[in-house]
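Work through the exercises below with the sequence and the 3D view open beside you. Try each task before you read its solution.

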Amino acid sequence: MGDHKKQDISLSIFDDIYAMEGVQRTLPKYKLPEFEHDPESVYQVVHDELLLDGTSRQNLATFCQTYVDKQIHTLMDECIDKNMIDKDEYPQSAEIEARCVHILADLWNSPSAKDTLGCSTTGSSEAAMLGGLALKWNWRKKRAAQGKSTDKPNLICGPVQICWHKFARYFDVELREIPLEGDRLGMNVEEVLKRVDENTIGVVPTLGVTFTCHYEPVKAISDALDKLQKETGLDIPIHVDGASGGFLAPFCTPELEWDFRLPRVHSINTSGHKFGLAPLGVGWVVWREAKCLPEELIFNVNYLGGNMPTFALNFSRPAGQIIAQYYNMLRLGRDGYRKIHSACYLTAQLFAKELKKFGPFDVLFDGDMTKGIPAVSWKLKDEFKSSGYTLFDLADRLRTRGWQVPAYSMPANREDMVVQRILIRHGVSLDMVSLLLDDIKRSLDYFAAHPISKPLTREEGEGFHH
Ligand SMILES: *Cc1c(COP(=O)(O)O)cnc(C)c1O
């Protein structure tokens, strides 16, 4: 083709993308455009808008994965067209999902890991709904069989993630959430026992409380409920919200008894996309034994001419995250998970140590792997509360360097207590964290040099935290 001909084709082919007609406009926000546009230029403008989201790797608020390796990108791409619900059409994806369930059941010491039931979900929230529903159904069946009323179910928990509030509201269960009191920032045996009665469908301890990063005492609560059963006959099951801890404790704190080693633990949920290291969009719920999941909640779908039990709130769902979960399990094994998470705990501990040296902060959680998740949380010391800035101002200041470090107030009855927290997860390296420490120091110096006349209040400053 001669040069003159090339020029004839269309000027726009050689136009710089930002000189193109479609790009030289603000984007429609309320109406579907009438006509098509060139994919390259539309890609570019959408891509550019997303710059405003910031860098997810610097979002230290999230528990979710912001780093995945190359092979996961490839597998996700290969699975983009696979629907997890089509067990018959994609039998190997279904098989891989089942393998993950049994591997988790084994990791959590189920007495019948090979035959028990469980499923993937979109995250721990859906998994919590399913776990909660199973508790409710089992309780109702038992009550009905005894000829007793079934209209006032309640569930006991500590300071839970919002998904349990949703469960309670959507499925009509009274949530008996133990309020915080003074220095007690989670559930304990005494507070649980104060609230149990014949209408309690279950107790939900959290392994890795979002507000404090702590593991709640599952074994102590289980022992106390054993004793209660001996004394009163009340048999109250436990569901553990292991959104974070379910993929941490088995590797880093194997001696901690929180899982199916305790017969009272009937079900556990976890987020594959948190410390399971899978990309966003996968959670798991597993029952101790098949008999803990009431049959009435299971739907059978046709699977290779046979029947495949399914239990889910969604229908169509992408399979890639589940495949990536299985990839991680094979790629890392127990030792690989242990190494990655241990490195995160170590980074958290070093960060906590350095942060303390600055002076104004009381470290509330320092990344102790026997007590909770790889994270650090802190508050302003009382004597620094009137030094002209709040943790909300600090969060705001750090934002100028791209860091997202949330400050938030605790749940009832400690709303007065404002804390700040960072999550250390795969890909949050010691080097990154040392840069953050420099920026915190720089912010403190800035506040000293430029006192704030009106520090941010809780109402103004409270952003989103998980
Ligand atoms: C993150 C989290 C949830 C919700 O999990 P998703 O996977 O985001 O749906 C529930 N409980 C706890 C303790 C969590 O940390």
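**Exercise 1: An unusual peptide bond**

Asn 413 sits in the loop that runs between β12 and β13, where helices (H or I, at least four residues) and strands (E, at least two) are DSSP runs, numbered from the N terminus. The model is predicted, and local features need pLDDT of at least 70, side-chain atom pairs count only at pLDDT 80 or more, while totals for chains, interfaces and linings use all residues. Residues are numbered from 1 along each chain as its sequence is written, and side-chain values use heavy atoms, with hydrogens and water left out.

Task: State which residue is joined to Asn 413 by a cis peptide bond.

Solution: Go to the loop between β12 and β13, where Asn 413 is found. The cis peptide bond joins Ala 412 and Asn 413, and its omega is about 0°.

**Exercise 2: Positive phi in two loops**

Task: Find where Asn 109 lies and where Asp 172 lies, and decide for each whether the residue is buried, partly exposed or exposed.

Solution: Begin with Asn 109, which has a positive phi of about 60° although it is not a glycine. Asn 109 belongs to the loop between α5 (91–107) and β1 (118–121). To classify a residue, use its relative accessible area: buried means under 20%, exposed over 50%, and partly exposed in between (1.4 Å probe, protein chains only). Asn 109 has 34% relative accessibility and therefore counts as partly exposed.

Next take Asp 172, which is not a glycine but has a positive phi of about 60°. Its place is the loop between α7 (162–170) and β3 (174–177). Because its relative accessibility is 63%, Asp 172 counts as exposed.

**Exercise 3: Two buried loop residues**

Task: For Lys 87, name the residue whose side chain makes a polar contact of 2.8 Å with it, and for Thr 206, list the residues in contact with it, leaving aside its neighbours within four places in sequence.

Solution: Lys 87 is located in the loop between α4 (70–78) and α5, and with 7% relative accessibility it counts as buried. The side chain of Lys 87 is joined to that of Glu 97 by a polar contact of 2.8 Å. A polar contact is a pair of N or O atoms within 3.5 Å; within protein, one must be able to donate a hydrogen and the other to accept it, and residues adjacent in sequence count only if both atoms are side-chain atoms. Contact means heavy atoms within 4.5 Å, and, neighbours within four places in sequence aside, Lys 87 is in contact with residues including Val 301, Tyr 303 and Met 308.

Thr 206 lies in the loop between β4 (200–204) and α9 (218–232), and at 5% relative accessibility it is buried. Once its neighbours within four places in sequence are left aside, its contacts are Val 160, His 214, Tyr 215, Glu 216 and Asp 241.

**Exercise 4: Cysteines without a partner**

Task: Explain why Cys 79 is not bonded to Cys 100, and then say how far the sulfur of Cys 344 is from that of Cys 213.

Solution: A disulfide is a covalent bond between the sulfur atoms of two cysteines, and here it is counted as a pair of cysteine sulfur atoms within 2.5 Å. The structure holds zero disulfides. For Cys 79, the closest cysteine sulfur is that of Cys 100, and because it is 12 Å away, it is too far for a bond. Cys 79 is also buried, at 6% relative accessibility.

Cys 213 is in no disulfide either, and the nearest cysteine sulfur, in Cys 344, is 13 Å away. With a relative accessible area of 0%, Cys 213 is buried.

**Exercise 5: Around the ligand**

Task: Say how many residues surround the ligand, and which classes they belong to.

Solution: The ligand is surrounded by 13 residues (each with a heavy atom within 4 Å of it), and the closest are Ser 124, Ser 125, Asp 241, His 273 and Lys 274. Sorted by class, this shell has two nonpolar, nine polar and two charged residues; Ala, Val, Leu, Ile, Met, Phe, Trp, Tyr, Cys and Pro count as nonpolar, Asp, Glu, Lys and Arg as charged, and the others, Gly among them, as polar. Now look at single atoms: a polar side-chain atom of His 273 is 2.7 Å from an oxygen atom of the ligand, and one of Lys 274 is 2.8 Å from a ligand oxygen atom.
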